[in-house]
Amino acid sequence: AVYSPDQTGNSLYIYDSMFVANMSMGTDTANGGGGAIYGYSSVIYRTVFKDNKSHTNGGAYIQCGNGGLRVYDSYFINNTATKSGGAFSSTGDMWRLEFHSTVFQGNTAAGGVRGAINVNFSTANKTSMGRPFLVQDSTFIDNVASSSGGAIYLRLVNADDGDGQADGFAEVINSVFYNNAAGAVRTTAADGSWTENSTGTADE
């Protein structure tokens, strides 16, 4: 539906929209994902992503390069990726990812881990705001991965860029995880930092 790979610093803004039953037909892992949106840097408000499908990663949205994404008051419902990231996936080393008051329900990663969100922070990307990954006041229900990370899969680092502070840091605040298959959250890299203030119920 939308192809926006602009890496010049400009952002794609989406308001009050619906993306329903879109499909990405490409099979290349880096460039063929994103059933509804293939983007570099985006800000999304009050938008619904439903029944979108990718033949690789990112059933609804795939992040190319090392841009950022902020999502507010939105819904990701029943999106599917044949590999990873039923709702969202990144192909590069993102600098920032935020979800606020957003619902992820029934998203499926048919061919791997990372049921709803699949994100990679492979180097120390620290912003002036600190944490590169934030989920706040959000809900994850009935998301499915074939092996682990039914709701969220994160690859984090905790490298120090010289300021003596941890740079690969993630927070989940006041969020709910319910009945996500293959568990709620998986993080990799032993030196990654993770904090949460959320509830998790009946995750398998």
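User: Which residue in strand 14 is the bridge partner of G68?
Analyst: Start with the two strands: strand 10 (68–72) and strand 14 (96–100) run parallel and pair over five bridges. Strands here are DSSP runs of E at least two residues long, numbered from the N terminus, and two of them pair if DSSP finds at least two bridges between them. Within strand 14, the partner of G68 is R96.

User: Before we go on, what pLDDT do local features need in this model?
Analyst: pLDDT is the predictor's confidence in each residue, from 0 to 100. Residues are numbered from 1 along each chain as its sequence is written, and side-chain values use heavy atoms, with hydrogens and water left out. The model is predicted, so to speak of totals for chains, interfaces and linings is to use all residues, while side-chain atom pairs count only at pLDDT 80 or more and local features need at least 70.

User: Where in the chain is confidence highest?
Analyst: Overall, the chain has a mean pLDDT of 77, with 69% of its residues at 70 or more. Residues 124–130 stay under 50, and the model gives them 15 contacts beyond four places in sequence. The lowest confidence by element is in strand 24 (residues 193–201), at a mean of 54, while the highest, at 97, is in strand 11.

User: Back to strand 14: how many of its residues are buried?
Analyst: Buried means under 20% relative accessible area, exposed means over 50%, and partly exposed is in between (1.4 Å probe, protein chains only). Strand 14 is covered on both faces, with R96, E98 and H100 buried on one side and L97 and F99 on the other. Of its five residues, the number buried is five.

User: Which residue in strand 18 stands opposite E98?
Analyst: Strand 14 pairs with strand 18 (133–136) as well, in the parallel sense and over four bridges. E98 stands opposite L134.

User: Which strand gives the most residues to the largest nonpolar core?
Analyst: That core is a set of buried Ala, Val, Leu, Ile, Met, Phe, Trp, Tyr and Cys residues joined through side-chain atoms within 4.5 Å. It has 30 residues, and F99, I117, F140 and I152 touch the most other members. Several elements give two or more residues, including strands 10, 14 and 18. With three residues, the one giving the most is strand 22.

User: Which aromatic residues form one cluster with F99?
Analyst: F99 touches, among others, L69, V71, F76, F88, F104 and I117, not counting residues up to four places away in sequence. A contact here means heavy atoms within 4.5 Å. The cluster's other members are F19, F49, Y61, F76, F88, F104, F140 and F177.

User: Why do Y15 and Y45 count as stacked?
Analyst: Rings of Phe, Tyr and Trp (its six-membered ring) pair if their centres lie within 6.5 Å; planes under 30 degrees apart are stacked, over 60 edge-to-face, and the rest tilted. The structure holds twelve aromatic pairs. For Y15 and Y45 the centres are 5.1 Å apart, and the pair is stacked because the planes sit at 5 degrees.

User: How far apart are the ring centres of Y45 and Y72?
Analyst: Y45, in strand 6 (residues 42–45), is partly exposed at 23% relative accessible area. Its pair with Y72 in strand 10 joins parts of the chain 27 residues apart. This pair is stacked too, with planes at 10 degrees and centres apart by 4.9 Å.

User: At what distance does the side chain of D16 make a polar contact with the side chain of R46?
Analyst: D16 is in the loop between strand 2 and strand 3 (18–20) and is exposed, at 52%. D16 touches Y45, R46 and T47, leaving out residues up to four places away in sequence. A polar contact is a pair of N or O atoms within 3.5 Å; within protein, one must be able to donate a hydrogen and the other to accept it, and residues adjacent in sequence count only if both atoms are side-chain atoms. For D16 and R46 the distance is 2.5 Å.

User: Is S74 buried or exposed?
Analyst: S74 lies in the loop between strand 10 and strand 11 (75–77). A polar atom of its side chain is 3.4 Å from the backbone nitrogen of R46. Its relative accessible area is 0%, so S74 is buried.
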